Amino acid sequence: MTQQVAPSTAVETERCCPAGPEPEIVELSPAVHAFLKALGSPARQRIMLLFTRGAELSVNQVAELAEISQPRASEQLAELKRGGILTSRKQGKVMLYRADKQRVVQTLADLQEYLRYCC
């Protein structure tokens, strides 16, 4: 027994958006990407909360308050600094960290603009 196949017909695909020029490709800036990466860890999120109200803390203080080892605290602080969430200054031999509110505000504005454009 042979099967007959119906001749193919051209089916027009539906578009979700009106026809027009191809959309411009927009990517997250490196600063926004680093910011989101820094926020991606629950441990770093908890550490961030230590810097409320302008607190300025050393690595050892963060390690003690967050109940983690000093090397782990140092790694987490470095990632938060790369993400633009913290800034640091040296006082003698001690590195002190604090929230970088200006960079956070700017990065959030950049992220909001990206989301406004893409969504």
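Leu86 stands opposite Ala99, a residue of strand E3. One step along, Thr87 has Arg98 in E3 as its bridge partner. I should say at once that we are looking at a predicted model.

These residue pairs belong to a longer pairing. Strand E2 covers residues 86-91 and strand E3 covers residues 94-99, and the two are joined in the antiparallel sense by six bridges. How many residues lie between E2 and E3 in the hairpin? There are two, and Gly92, which sits in the turn, has a positive phi of about 65°.

The hairpin is part of an open sheet of three strands, with the order E1-E3-E2 and antiparallel pairing. The edge strands are E1, residues 57-58, and E2, each of which pairs on one side only. As a general reminder, the strands of a sheet pair through backbone hydrogen bonds, in either a parallel or an antiparallel arrangement.

Let me turn to the helices. Helix H4, residues 70-82, lies across E2 and E3, and its direction makes an angle of about 120° with E2.

Helix H3 spans residues 59-66. Which residues of H3 are buried? They are Val59, Val62 and Ala63. Viewed down the axis of H3, these buried residues fall within an arc of 100°, and therefore they line one face of the helix. The cover over them includes helix H2, residues 42-48, together with E1, H4 and E3. Asn60, Glu64 and Leu65, on the other side of H3, are exposed.

My last topic is backbone geometry. Most residues other than glycine have a negative phi. Two residues deserve attention in that respect.

Arg53 is a residue other than glycine, yet its phi is positive, near 55°. Where is Arg53 found? Its place is the loop between H2 and E1. Is Arg53 buried or exposed? Arg53 is exposed, and its relative accessible area is 85%.

The second residue is Glu67, which follows H3. The phi of Glu67 is also positive, near 55°, and this residue too is not a glycine. Glu67 belongs to the loop between H3 and H4. With a relative accessible area of 73%, Glu67 is exposed.

To draw the parts together: E3 pairs with E2 through six bridges, and E3 stands between E1 and E2 in the sheet order. H4 lies across E2 and E3, and H4 and E3 are also among the elements that cover the buried residues of H3. The two loop residues with positive phi, Arg53 and Glu67, are both exposed.

Technical notes. Residues numbered from 1 in each chain as written. Predicted model: local features only at pLDDT ≥ 70, side-chain atom pairs only at ≥ 80, totals over all residues. Heavy atoms only, no water. Pairing = 2+ DSSP bridges. Helix = DSSP H or I, 4+ residues; strand = E, 2+ residues; numbered from the N terminus. Contact = heavy atoms within 4.5 Å. Axes fitted to C-alpha atoms, helices over the stretch in contact; angles between N-to-C directions. Buried < 20%, exposed > 50% of the residue type's maximum accessible area, 1.4 Å probe, protein only. Arc of directions from axis to C-beta.
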